[in-house]
Amino acid sequence: MRFVFFGTSAGTPTRQRALSALAFSMENDGEWILFDCGEATQFQILKSDFKSGRLRDVFITHLHGDHYYGIFGLINSFKMAKRTKTLNIYAPKGLKKILECIIDISLENLGYKLNIIEFEAYQTFEFDRCSIEVLPLLHSVESFAFFIKEYDISDKIDFERLKKDGLMPSKEYGKIKRGKDVDTGDRVYHAKEYLLKPIKGRRVIVAGDNSEPEILGENLRDLDLLIHECTYTKKVFENLKVKVLHTTAFDIGKTAEKYGVKKLALTHISPRFNDEGKYPLSLIEDEVRQNYKGELIMAKDFLEINLKRDDM
Ligand SMILES: [Zn+2]
Ligand SMILES: [Zn+2]
């Protein structure tokens, strides 16, 4: 699993950090997924090795401008590039209305299909090698996390049992090996029940803006990777005149440690934290470290995380 941060700032861009966006792809997959699409994300894509023509799905965590204003430019550029492939956009309720308005007034004929899926909490979307579940967070507008669960796989399956249950040898067996359920119309064969010595899939949560990491609860237990916002340190937060619903370094460190999160990547950093000013980034790291003992990754633009499976 490969993750590349395209934007890591909170609220407004800085000279070092663009607004929220994160690219995700699985090994040997030609297509990729984008989580959030802050303003100017298309420039970041151009500077990376991700091809915008291969972008298949966009997931938006919430409808604050710093997380999705880049989508307008992106869909316009796809029109200019004469894209024909469908683009799927998964977002909270409201984005459909916004995009329809933009398309109607400004873009007219897109030339490709925009498939907008407005999700609700706890909805799960199935893909070829993983599923993505939508989890609710706590923020000033509805905000969500995306729980990526790679399917368990195995090169050994229980042929006898599959045959007994009515699924004869066919290409569907390959799907079962890849951990994908098979639906024949008469019956659903759950891959999990037929895998012998399965290799456990990786599990990652990509969270949007959130003031209470604890809300993710047991989903965090022994998680391989948590990508979460960390807008403030506790000290800075306590001195804010107007309190906003974001996470502090202290809270995220405490929660990640409590649930045994293996890797913690922090993003959505308030522009006040930079190594040239009064608030160096080490303030955040030090505060997280008061509690968290696992692998800590401080995100910056174009930072890459390659998450290997235990067996690889
Ligand atoms: Zn934000
Ligand atoms: Zn927000």
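Lys-82 sits in the loop that connects α2 (70-80) to β5 (87-91), where helices (H or I, at least four residues) and strands (E, at least two) are DSSP runs numbered from the N terminus. The model is a predicted one, in which local features need pLDDT of at least 70 and side-chain atom pairs count only at pLDDT 80 or more, while totals for chains, interfaces and linings use all residues. Residues are numbered from 1 along each chain as its sequence is written, and chains are lettered from A and ligands numbered from 1 in the order in which they are written.

The backbone at Lys-82 has a phi near 60°, a positive value in a residue other than glycine, and this residue comes just after α2. Lys-82 counts as exposed because it has 8 C-beta neighbours inside 10 Å; by the criterion used here, a residue is buried if 20 or more other C-beta atoms lie within 10 Å of its own, exposed if 12 or fewer, and partly exposed in between, with C-beta atoms placed from the backbone. Tyr-122 also has a positive phi, of about 75°, although it is not a glycine. The loop that holds Tyr-122 runs between β6 (114-118) and β7 (124-126), and with 11 other C-beta atoms within 10 Å Tyr-122 is exposed.

For the protein as a whole, there are 8 helices and 16 strands. Its radius of gyration, taken over C-alpha atoms, is 21 Å, close to the 20 Å that the globule rule (2.2 Å times the number of residues to the power 0.38) gives for 312 residues, so the protein is as compact as a globular protein of that length. Along the principal axes, the C-alpha atoms fill a box of roughly 70 × 50 × 30 Å, and 38% of the 312 residues count as buried. If two residues are taken to be in contact when their C-beta atoms, placed from the backbone, lie within 7 Å, then residues 24 or more positions apart account for 65% of the contacts with a separation of 6 or more. The domain assignment gives domain 1 (2-151 + 201-301) and domain 2 (159-193), with bounds that come from an automatic or database domain assignment. The centres of domain 1 and domain 2, taken over C-alpha atoms, are separated by 35 Å.

We return to the helix that precedes Lys-82. In α2, the buried residues are Gly-70, Ile-71, Leu-74, Ile-75 and Phe-78. They cover an arc of only 125° around the axis, counted from the directions from the helix axis to the C-beta atoms, which puts them on the same side of α2. An α-helix has 3.6 residues a turn, so residues three or four places apart point the same way. The cover over the buried residues of α2 includes β2 (21-25), β3 (32-37), α1 (41-46), β4 (55-59), β5 and β6.

Of these strands, β5 is largely enclosed by the rest of the structure, because 4 of its 5 residues are buried. Two strands pair if DSSP finds at least two bridges between them. β4 and β5 run parallel and are joined by 3 bridges, with Val-58 opposite Ile-89 in β5. β5 and β6 also run parallel, joined by 5 bridges, and Ala-91 has Glu-118 in β6 as its bridge partner. Two crossovers belong to this region: β4, α2 and β5 make a right-handed β-α-β unit, as do β5, helix α3 (residues 95-107) and β6, where right-handed indicates that, with the strands pointing away from the viewer, the path from the first strand over the helix to the second runs clockwise.

Beyond the loop of Tyr-122, β7 and strand β8 (residues 130-136) run antiparallel with 3 bridges, forming a hairpin with 3 residues between them. Thr-124 has Glu-133 in β8 as its bridge partner. β8 is joined in turn to strand β9 (residues 144-150) by 7 bridges, and these two strands run antiparallel; here Ile-132 is paired with Ile-148 in β9.

Later in the chain, helix α7 (residues 249-258) is mostly covered, with 7 of its 10 residues buried, among them Phe-250 and Ile-252. The buried residues of α7 pack against β13 (225-229), α6 (234-238), β14 (263-267) and α8 (282-289). Just after α7, Gly-260 takes a positive phi of about 70°. β14 runs parallel to strand β15 (residues 295-298), joined by 4 bridges, and the chain crosses from β14 through α8 to β15 in a right-handed β-α-β crossover.
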